[in-house]
Amino acid sequence: MSEILIYSDNDGTALELVSAGKEFAEELGATVSAALLGDGAAGKADDYFSYGADKLYVSEHPALGDFYVGTFAAALQQIVESGDVEFLLIGSTKRGKELAGRVAQKLNAGAITDANAMRVRDGNLEADRYSYGGNTMASQVVTTPKKVISVMPKTFELGPSEAKQGEVVNVDLDLEDPPVKVVERRDKAGDEVNLEEAEVLICVGRGVQSQEDLAMIEELAGLLGAEIGCTKTPASDWEWFSEERMVGLSGKKCKPSLYISVGISGQIQHTVGIVDSKIIVTINKDENAPMFNFTDYGIVGDYADVVPELNQKLKSL
Ligand SMILES: Cc1cc2nc3c(=O)[nH]c(=O)nc-3n(C[C@H](O)[C@H](O)[C@H](O)COP(=O)(O)OP(=O)(O)OC[C@H]3O[C@@H](n4cnc5c(N)ncnc54)[C@H](O)[C@@H]3O)c2cc1C
């Protein structure tokens, strides 16, 4: 029986993949397993079983203490080659993207990266990913015996969980010490934000003309308990925000309950990051802006008039 193996350096993303993997496994007549690697790996087993893993490969090998991509790729290669793994699904985090390519090379496997949808087709997993700078969508399958697919966080919802137990395999990995030693860790200066988890998200676009105007948007964010994100220009060119706050193809993929765009035209490279929001509100002075095609509630007007009015209304509630 073939196996779908899940790994992510982010446990939340891994559990989403375990939930989805369980459904794919039923259709494919396969089983779902996960690799738990590094310090504290064994302690995570209950969570992985409860979301549907049948089997867990666990290793707290000292070489897996810090994430070094070559070492983690070697670990996954050994796990895949020790059993019947046909599909290796990796969370497409910053580390995961690099890991997918490395491990695919070691396995002589084809790889698809940044999948944002997946389904069973003809006994294989077919994955969708954006191509041509986000302007088109490609549906792809891997045709080598072993298949590696990295999947964007939040592509799948967490499924229901129930307490259950499965098989734990304490793998005996043959790993060399990483050639890079971490000598010190420091917190990143500046912005600490997790836009992917935000329930309410306001994004600022190039239509917002002065940095002073951010005050009214921050006030709106405060009233709604929102995080603030942005399109490319306010982060990369104007440096009003750190790149951590950029949303879209090269930024974060978010799924808030409420998303509000302020002065954003609706180019695909941005909207891929917010299209799965539950409610989309658009504030734009151009009634023909493409953003309105994605919108549940649209306000045509100058943000400099609309946002203060919204703030007043919210304060009076
Ligand atoms: C490979 C690649 C990757 C990219 N990745 C990303 C990404 O991850 N995220 C991202 O956002 N972009 C990305 N981009 C850039 C993307 O193509 C667009 O350029 C960008 O999203 C447009 O940003 P915008 O909507 O803020 O600006 P614009 O397209 O310039 O739109 C500004 C909007 O503001 C409106 N406006 C102007 N004045 C006002 C006002 N006073 N009141 C109300 N509305 C007003 C205008 O009508 C207009 O619709 C990428 C591009 C490439 C090529």
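**Exercise 1. A residue in a loop**

Glu-192 sits in the loop between β10 (167-170) and β11 (200-204). The model is predicted. Is Glu-192 buried or exposed?

*Solution.*
- Step 1. Take the count: Glu-192 has 9 other C-beta atoms within 10 Å.
- Step 2. Recall the cut-off: a residue is exposed if that count is 12 or fewer.
- Step 3. Conclude: Glu-192 is therefore exposed.

**Exercise 2. Distance in sequence and in space**

How many residues apart in sequence are Glu-192 and Asp-174, and how many Å apart in space?

*Solution.*
- Step 1. Along the sequence, Glu-192 and Asp-174 are 18 residues apart.
- Step 2. From C-alpha to C-alpha, Glu-192 and Asp-174 are 37 Å apart in space.

**Exercise 3. Strand β4 and its partners**

Find the strands that pair with β4. Then explain why strand β4 is described as largely enclosed.

*Solution.*
- Step 1. Strand β1 (residues 3-7) pairs with β4 in the parallel sense, over 5 bridges.
- Step 2. Name a bridge: Tyr-7 has Ile-90 of β4 as its bridge partner.
- Step 3. Strand β9 (residues 147-151) also pairs with β4 in the parallel sense, over 5 bridges.
- Step 4. Here Leu-88 stands opposite Val-148 of β9.
- Step 5. Check burial. In β4 (residues 85-91), 7 of the 7 residues are buried, so the rest of the structure largely encloses this strand.

**Exercise 4. The two sides of helix α8**

Test the span of helix α8 (residues 303-315). Which residues of α8 are buried, and which are exposed?

*Solution.*
- Step 1. Use 1.5 Å a residue: the 13 residues of α8 should span 18 Å.
- Step 2. Compare: the end C-alpha atoms of α8 are 18 Å apart, which agrees.
- Step 3. List the buried residues: Tyr-303, Val-307 and Leu-310.
- Step 4. Place them. These three cover an arc of only 60° around the axis, so they lie on the same side of α8.
- Step 5. Turn to the other side of α8. Asp-305, Glu-309, Gln-312, Lys-313 and Lys-315 are exposed there.
- Step 6. Find the packing partners. The buried residues of α8 pack against α5 (214-224), β13 (258-262) and β14 (279-284).

**Exercise 5. Two domains**

Where do the domains run in the protein chain, and how many residues of each take part in the contact?

*Solution.*
- Step 1. The domain assignment gives domain 1 (3-170) and domain 2 (195-315).
- Step 2. The centres of domain 1 and domain 2, taken over C-alpha atoms, are 33 Å apart.
- Step 3. The contact takes 7 residues from domain 1 and 7 residues from domain 2.
- Step 4. Sort by class: the side of domain 1 that touches domain 2 has 3 nonpolar, 3 polar and 1 charged residues.

Key. Residues numbered from 1 in each chain as written. Predicted model: local features only at pLDDT ≥ 70, side-chain atom pairs only at ≥ 80, totals over all residues. Buried ≥ 20, exposed ≤ 12 C-beta atoms within 10 Å, placed from the backbone. Helix = DSSP H or I, 4+ residues; strand = E, 2+ residues; numbered from the N terminus. Pairing = 2+ DSSP bridges. Expected span 1.5 Å × (residues − 1). Arc of directions from axis to C-beta. Contact = placed C-beta atoms within 7 Å. Domains from an automatic or database assignment. Nonpolar A, V, L, I, M, F, W, Y, C, P; charged D, E, K, R; others polar.
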